[in-house]
Amino acid sequence: MHPDLSPHLHTEECNVLINLLKECHKNETCIISAILVQKKSSGAYHNVLKFFGYCNDFDRELRKCLKNEGLALSHKLECSRVIVTHGSLKLK
């Protein structure tokens with residue numbers, strides 16, 4: 001499960017991947033609907049392609065991006081903590 005995917009919380013790179021994943025899920029819906037219409041099935045819509053990894057590539061790339069984003073943020077927070085605890089940094 002992903003964290004909150006609101007655009008204002010993430011970098012532009014991750015937002016592109018988020019939109020690609022959402023688009024993939026939307027297209028998956030269209031594909032399943034088309035299959036049901038072609039078969040003239042009166043059954044309910046079922047999102048089955050996700051069980052076969054239809055959008056996994058987008059999901060993997062998004063998870064990598066979110067992980068890198070988190071690592072960059074934790075590094076910035078660590079630097080801020082050092083500055084706050086030790087006063088200003090003195091460069092030699």
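This passage looks at the nonpolar core, a buried histidine and the salt bridges of a predicted model. Local features need pLDDT of at least 70 and side-chain atom pairs count only at pLDDT 80 or more, while totals for chains, interfaces and linings use all residues. Residues are numbered from 1 along each chain as its sequence is written, and side-chain values use heavy atoms, with hydrogens and water left out.

The largest nonpolar core (buried Ala, Val, Leu, Ile, Met, Phe, Trp, Tyr and Cys residues joined through side-chain atoms within 4.5 Å) comes to nine residues: C14, L17, I18, L21, C24, C55, L62, C65 and L66. Two elements, α1 (12-38) and α2 (56-86), supply two or more residues each, with α1 giving the most, five. Helices here are DSSP runs of H or I, at least four residues long, numbered from the N terminus.

Just off the core helices, H10 sits in the segment before α1. H10 is buried, at 14% relative accessible area (buried is under 20%, exposed over 50%, partly exposed in between, with a 1.4 Å probe and protein chains only). Beyond four places in sequence, its contacts (heavy atoms within 4.5 Å) include I18, L66 and E69.

As for charge pairs, there are four salt bridges (a Lys or Arg side-chain nitrogen within 4 Å of an Asp or Glu carboxyl oxygen) in the structure. One of them joins R60 to D57 at 2.9 Å, N to O; R60 is partly exposed at 41%, and D57 is exposed at 55%. Another links E61 and K64, at 3.2 Å, three residues apart in α2.
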